[in-house]
Protein chains: 6
Amino acid sequence: MRPSGRSPDSLRPIRFTRGFTRHAEGSVLVEFGETRVLCTASVENRVPPWLRNSNRGWVTAEYGMLPRATGSRTDREAARGRQQGRTVEIQRLIGRSLRAVVDLEALGERRIVVDCDVLQADGGTRTASITGGYVALADAVSRLLETGKIRRNPLHGHVAAISVGIYQGTPVLDLDYAEDSEAETDMNVVMNDAGHFIEVQGTAEGHAFRRAELDAMLDLASSGIDTLVNEQRTALALALDT
Amino acid sequence: MRPSGRSPDSLRPIRFTRGFTRHAEGSVLVEFGETRVLCTASVENRVPPWLRNSNRGWVTAEYGMLPRATGSRTDREAARGRQQGRTVEIQRLIGRSLRAVVDLEALGERRIVVDCDVLQADGGTRTASITGGYVALADAVSRLLETGKIRRNPLHGHVAAISVGIYQGTPVLDLDYAEDSEAETDMNVVMNDAGHFIEVQGTAEGHAFRRAELDAMLDLASSGIDTLVNEQRTALALALDT
Amino acid sequence: MRPSGRSPDSLRPIRFTRGFTRHAEGSVLVEFGETRVLCTASVENRVPPWLRNSNRGWVTAEYGMLPRATGSRTDREAARGRQQGRTVEIQRLIGRSLRAVVDLEALGERRIVVDCDVLQADGGTRTASITGGYVALADAVSRLLETGKIRRNPLHGHVAAISVGIYQGTPVLDLDYAEDSEAETDMNVVMNDAGHFIEVQGTAEGHAFRRAELDAMLDLASSGIDTLVNEQRTALALALDT
Amino acid sequence: MRPSGRSPDSLRPIRFTRGFTRHAEGSVLVEFGETRVLCTASVENRVPPWLRNSNRGWVTAEYGMLPRATGSRTDREAARGRQQGRTVEIQRLIGRSLRAVVDLEALGERRIVVDCDVLQADGGTRTASITGGYVALADAVSRLLETGKIRRNPLHGHVAAISVGIYQGTPVLDLDYAEDSEAETDMNVVMNDAGHFIEVQGTAEGHAFRRAELDAMLDLASSGIDTLVNEQRTALALALDT
Amino acid sequence: MRPSGRSPDSLRPIRFTRGFTRHAEGSVLVEFGETRVLCTASVENRVPPWLRNSNRGWVTAEYGMLPRATGSRTDREAARGRQQGRTVEIQRLIGRSLRAVVDLEALGERRIVVDCDVLQADGGTRTASITGGYVALADAVSRLLETGKIRRNPLHGHVAAISVGIYQGTPVLDLDYAEDSEAETDMNVVMNDAGHFIEVQGTAEGHAFRRAELDAMLDLASSGIDTLVNEQRTALALALDT
Amino acid sequence: MRPSGRSPDSLRPIRFTRGFTRHAEGSVLVEFGETRVLCTASVENRVPPWLRNSNRGWVTAEYGMLPRATGSRTDREAARGRQQGRTVEIQRLIGRSLRAVVDLEALGERRIVVDCDVLQADGGTRTASITGGYVALADAVSRLLETGKIRRNPLHGHVAAISVGIYQGTPVLDLDYAEDSEAETDMNVVMNDAGHFIEVQGTAEGHAFRRAELDAMLDLASSGIDTLVNEQRTALALALDT
């Protein structure tokens, strides 16, 4: 039995609140149960130095956690003067995942920064960030299309992410913090809407995992991502007042 | 006529949402119109080195702005590796203001950190932070009292803050971003519930201001803070489910 | 009775030594009693990025304290690798205060940096920095005028600053370190030669202060600044051998 | 046809030179073809703060690349003042992988740091680091056992790592730099000598990969790691003059 | 003919102003012609970690240059967040030189920090710092002896330093900035009052120098340091009001 | 008797391994006995800002020590976020020494960076770096000449370096770590192939040294460098397969 009472293959309630803040071109509060991440997509008319005059754009991500998003307060990275290794890893993952569904030429020579700031953490902040970041990105892209700044939609698919793990010997989907702390294996899977893999990151926490366990986790992830993509579609189908 | 359409002496709508996030001992979303700041108060069982074995506690504050809280994206301070001068000034002001109503001996040898993170900015983020930070601090203190960790209430008053300025020759209360950008003078006033001053910071933006203008601004601030203290009282009178 | 033996409304002996060092376009040692600050004004033919091709100049300030300017040695900021919050606040204040009397268009596309380095501290280092920094700035501007690099004097007034406070219940002017350490309220006031306010920063140290106390302190400051402006005029009236 | 001329399932020549430098408790130059990494294991009689008085030890890793290990010179991280995100990710991966085969209680309250410094890079530096780092770690542990500092062998298995990828539509093993630059998918797999997974990190570079491709890559990795573990055993079976 | 008009073997006017500032245990303004350095010696009742409980003390030095001590303004190191390589080299040299005449056991478990801050630079700031730093150190030591904190004088000699160089083919003593900029060779020599060497640092600027040139420079340095030691003795013989 | 058993005037075995790594334009492993330093010379088509459009090139050096090159592990500078003072001093010395034999105009507007990374330390790492760095630099220059990128050889001589010291009262050449730790005086001498001095850096460790001791050390250094230059010539005379 999972601490959350969920069946092994069930996700937490998923919610996307588009237009959560007013300034960003895309602004989405994503909730995976008690995990809440504010994802904003900001469009800028400049690209990193290595892309200047290339007619190609760039999508990047930054990740942060408010100091008291967690059970006990963590130091503010700005005050310590450096981002932790974990932060750097996560924001690189988010950026790679989002770029996997973007045609950077169609974007033109501009940069979209997706900021994922965790307001409240309960496990799965990186998968929520990717999944919600995609929705914010989609809203920013829509605005570029609507205002005629780009002609062709640079998004050639959806991307979503979910965690899977082995909890007390059983493969389970979408671990919350209590489950994650005790899981023997923790895996984050990023997929597109065709059901293909963009990123797979599995780590044995307790003991090494077998191929059969890996297979079971991938099956769970696949079905979870299917649901997430549908939720993204439903959310994006609504009109957004701006 | 103010861009906001408000009369010179009227505040924007003020709202406190207590319990906005779940982990912190105090967690309040404060809204001054479109300015929204998440204030959390975290209790820690340790004090800065210079207070060890002193039987006295400490209250401090940190301030941050999400990168896209503003009209155009600002660099993430954690990524740049240092806090800006403006950030340091603001968090020092918030900390001093809150400590002005705390009996640090009654708090005992523990530290309360009030984190003020701006989710959306529209002028007045520092005054909203002080005013909302006080409510978060009050909730954290209540919990310490309820759980018997301290006996005596270390809060000996309320503290609230508001901005005043000279806009097109007229003294006005609680400037939003549009007004603040064009104000000739900008002043932040921090007061307690007895109507006495804790901090006064006035800056001439356009031309130097006269004593009569200063007096008019202080009168406005005084009446605004009166209202804010009442709003704090109303908000804190409600039961909080935790 | 003040520790210094001064009457409540009397300044410490004020002295400006122009041409204290030889390389800077303006170089002034300012003394407020035992507080001694070396202020140099350096003219540079470049402006910050946001002013390029604007035909406008910039005036900025930096502040530092020699490690043993104080009673016990403080760490060297260059060795620690960062400026303290207090330093950042003070140098921002000095810069804003000086800019308040400069017509940046008349200055042309150049930058003047006013460095204020405290050789010996006894309270009031920021007010001495502003007051002496103005004299250094005036000397640098004179040289620009004399050498024909600018035509019109960009200085449209004087600026000076003084501290006031409540010491043992009495409002007093120009606090030295011994007085400042025990003051209940500490206020720094920056004014121009028309007697108008450029900056007012008051902080309750012990208990909150009342409107009447604030008024008394502002009166004291006003008279003190009157004297300082006269001292600046006297100092600048002398010929300077270079 | 691979640029290297190898068949899809063949490793590059693997070589371990134990005792490559003289000071470290374990010192191994590992070569995967033209990739050469110096791995040293240093035993220290102290543990990180969170493990003090826990009777448990710690194993950690640091990774670096000499500036001209690569085709064009990269900036020295010490000179830039910070480690790159890529470096941080890699050293966290090496540390986690090595800890997966260590019984930290049997190690006692001491720390082993495995430094992996790339002398020459040609793809696969992180997998070479893990595989060679294990041999250095084993040598350091042997010395602890021989000198009686620990009684029980804290290593409960081998760990090795290899990269796999999809190159021109074909799954291939152990990519060199030329192959890696053009691969559509890049995956690093860390396994123990029982053939179970410790870490799986797959990234789609060109287009998303399918489940069947993932399966084929995992099969290749599994057989490659089998060979690597045998090579480690052969290398460690030799006597080491110290 | 030297630009300064001095003969090859003559020093600039040397002046020591003891008690230049009031807080430090030793405070000396040293002038080598137009080069002016404020040297303060601060006594602290703590030692670096590696000397704790060793009954030995430590003497160290820090060096800084005010931003406009030089002909054109140099960036403030505190603002840039790091000390330049040149600064680090110089302060290490000053510290080693001063320690060469101190019996660290006689000093007891305390630290003396000698801060050398250049108010005005005209060549030879490092040699002035060592020579003036010694006088500040001697004053701080005298105070320790007078107040009975130490019994035995830890200073077992004088230390002084001077620069020598080859200017237009001629060996010259004590180069000012104009000479130093054009010198073919630049050498700093640190000696004690017995005429023995503590440090010799010679650098060919233009072309490599011959043994005979080196010998001539050492002869000049030796006679210059003889004079400096006498000047130190004369300065220290005066009573110092504190 | 020296710990190494060598006579006072004998060098350790010297070895240069050219082409030690494959990517750099020059790559040399230099060994002074058990001290081993990897020196690579990298040619870049850009110069520092102050040389742009000057038709002159630049040669610079960076120095690093692998964490376990030494008897006990030292912290990785990249992880600590700053280079130590000792590192900065050494790399500045290497750069100055190499530039002393380079005609920067003949080099053309390009930069050569010589990286000296210590794989194993046993005293004399800076002198080995200069001596080996020269060989790497010569190989890089040869390649520029062979490929016709420059016409004239910018190297107008050899440069080599050696340490000398006073060990138990006797002047000795080329100190290893055991000798260096106990030496009373330590001197590094850099000379060219004409037997002239480029840099002399002598430090009294125990007591100050006399002129006669200095002379004896310089004689030893001179003869040692003679040998080193011959070894460089021999090494460079061999054909290098690339």
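Which residues does UniProt list for "binding site"? In this predicted model, the residues to look at are A:Arg86, A:Gly124, A:Thr125 and A:Arg126, which come from an unreviewed UniProt entry. They are spread over 41 residues of sequence, yet they cluster in space, with a largest C-alpha distance of 13.4 Å. Of these residues, A:Arg126 is included in the lining of the second largest cavity.

Take A:Arg86 to begin with. This arginine sits in helix H2 of chain A, which covers residues 85–99. Its relative accessible area is 27%; partly exposed is the label for values between 20% and 50%, so A:Arg86 falls in that class. Setting aside neighbours within four places in sequence, A:Arg86 is in contact with A:Tyr63, A:Met65, A:Thr125, A:Arg126 and D:Arg92. Two of the listed partners, A:Thr125 and A:Arg126, also appear in the UniProt "binding site" list, while D:Arg92 belongs to chain D. With A:Tyr63 there is also a polar contact, side chain to side chain, at 3.3 Å.

A:Arg126, for its part, belongs to helix H4 of chain A (residues 125–146). Again leaving out residues up to four places away in sequence, A:Arg126 touches A:Arg86, A:Ile90, A:Leu93, A:Asn188 and A:Gln201.

Elsewhere in chain A there is A:Glu31, a residue of strand E2 (residues 26–32). Its relative accessibility is 11%, and since the cut-off for buried is under 20%, A:Glu31 counts as buried. Beyond residues up to four places away in sequence, A:Glu31 touches A:Pro13, A:Ile14, A:Arg15, A:Thr17 and A:Arg36. Two arginines, A:Arg15 and A:Arg36, are thus among the residues in touch with this glutamate.

Over in chain B, the strand to follow is E3 (residues 35–44). Nine of its ten residues are buried, so E3(B) is largely enclosed by the rest of the structure. E3(B) has an antiparallel pairing with strand E2 of chain B (residues 26–32), running over seven bridges. Within that pairing, B:Val30 has B:Val37 of E3(B) as its bridge partner. The hairpin made by E2(B) and E3(B) has two residues between the strands, and B:Gly33 there takes a positive phi near 60°. E3(B) also pairs in the antiparallel sense with strand E5 of chain B (residues 111–120), this time over nine bridges. Here B:Val43 stands opposite B:Ile112 in E5(B). As for side chains, in a regular strand they alternate between the two faces of the sheet.

Technical notes
Residues numbered from 1 in each chain as written. Chains lettered and ligands numbered in written order. Predicted model: local features only at pLDDT ≥ 70, side-chain atom pairs only at ≥ 80, totals over all residues. Heavy atoms only, no water. Helix = DSSP H or I, 4+ residues; strand = E, 2+ residues; numbered from the N terminus. Buried < 20%, exposed > 50% of the residue type's maximum accessible area, 1.4 Å probe, protein only. Contact = heavy atoms within 4.5 Å. UniProt positions renumbered as here; feature names shortened; annotations may be inferred. 1 Å grid on protein atoms, 1.4 Å probe; cavity = no way out; pocket = protein on both sides within 12 Å on 5 of 7 lines; lining within 4 Å. Polar contact = N/O pair within 3.5 Å; in protein donor to acceptor, adjacent residues only side chain to side chain. Pairing = 2+ DSSP bridges.
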